[in-house]
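Biologist: Before we talk about any single residue, I would like to go through the terms you use for this model and hear what each rests on.

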Amino acid sequence: MGRLSVNLCGIELDNPIIPASGTYGYGKEFADLYDLNILGTFSFKGTTLNPRFGNEGVRIAETPSGMLNAVGLQNPGVEKVINEELVNLKKIFNKKVMANVCGFSKEEYVECARRLDEQDIVGWLEINISCPNVHGGGMSFGTNPDMAYEVTKAVKEVCKKPVIIKLSPNVTNIVEIAKACERGGADAISLINTVLSMRINIKTGKPIIKNVTGGLSGPAIFPLAVRMVYDVSRNVNIPVIGLGGVSKAEDVIEMMMAGATAVEIGAANLVDPYVCKDIIERLPSLMDELKIEKLSDIIGKAH
């Protein structure tokens, strides 16, 4: 293992840097800029069982230290992802990729995860449980421990590959949700997803985003993400992937010291498409400055 390498659910990553779902597409846009194989891996765009156009109207709004989005899980559906996107991805990426799975019922999660689990390029299933449960009154799966447990258990029953549950921060006790996922068989936890927020156009007096609210990402949420990663990693016995506002190598070190085994980078990719490459290249010199021999040595150091 090299200085930057970490082990995520039995699969060794050359480094802990993972572009987050929804900010990296299916890789091809970034492949024109640099070799994707320098990454640890990446989490491709959230995929649902059926195609989705996403929300109408304004879907993104800037904030002073981040952005809001209410894209609405726009994606071509799992069959097209398998037959087109993953076929093309194999031509430019020779590592295992993380498949981000979304759904609006337990059955949708299960079927979408089952199909992606069968693909040889997929190394992990990242299950986004921030989606609304259409059979449960619209409440997000990730806001209720019992629902989080049920969807985790159901997906694990049909998947052979590691299952990572991606948690929402829009809860009272994220540790309780994480422990429910662990009981359901989760192999790892990733957190945090975006924070529910809104902006208003003061000239019109109306919300900027047509959906009214959107998910806040970017540097504004980094301290919140660090705290939640710290809390969760101290209370579960499975790896934690940290994300939320990470934009530089120093953030990666801080997130790992909080307890993250690997670190996802989201909104920063939309500001600077080279950010992941720059972080990977910066880490060795920063480690020298901080007298860190191996990144794996600092996981949970703040505990």
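Biologist: What share of the contacts in the chain with a separation of 6 or more comes from residues 24 or more positions apart?

Modeller: In this predicted model, such residues account for 70% of those contacts, where contact means heavy atoms within 4.5 Å.

Biologist: How do you know that the radius of gyration agrees with a compact globule?

Modeller: The rule multiplies 2.2 Å by the number of residues to the power 0.38; for 303 residues a compact globule would be near 19 Å, and the chain has 18 Å, which therefore agrees. The C-alpha trace spans about 50 × 50 × 40 Å along its principal axes, and 54% of the 303 residues count as buried.

Biologist: Which secondary structure elements make up the chain, and where is E108 placed among them?

Modeller: The chain has nine helices and 15 strands, and E108 lies in helix α3, which covers residues 106-117.

Biologist: Why is E108 said to have no salt bridge?

Modeller: A salt bridge needs a side-chain nitrogen of Lys or Arg within 4 Å of a carboxyl oxygen of Asp or Glu; the nearest side chain of opposite charge to E108 is R52, at 7.2 Å, so the criterion is not met.

Biologist: What makes E108 buried, and what is it in contact with beyond its neighbours within four places in sequence?

Modeller: Buried means under 20% relative accessible area, and E108 is in that class; leaving those neighbours aside, E108 is in contact with L49 and G103.

Key: Residues are numbered from 1 along each chain as its sequence is written. This is a predicted model: local features need pLDDT of at least 70, side-chain atom pairs count only at pLDDT 80 or more; totals for chains, interfaces and linings use all residues. Side-chain values use heavy atoms; hydrogens and water are left out. Helices (H or I, at least four residues) and strands (E, at least two) are DSSP runs, numbered from the N terminus. Buried means under 20% relative accessible area, exposed over 50%, partly exposed in between (1.4 Å probe, protein chains only). Lys and Arg count as positive and Asp and Glu as negative; His and the chain ends are not counted.
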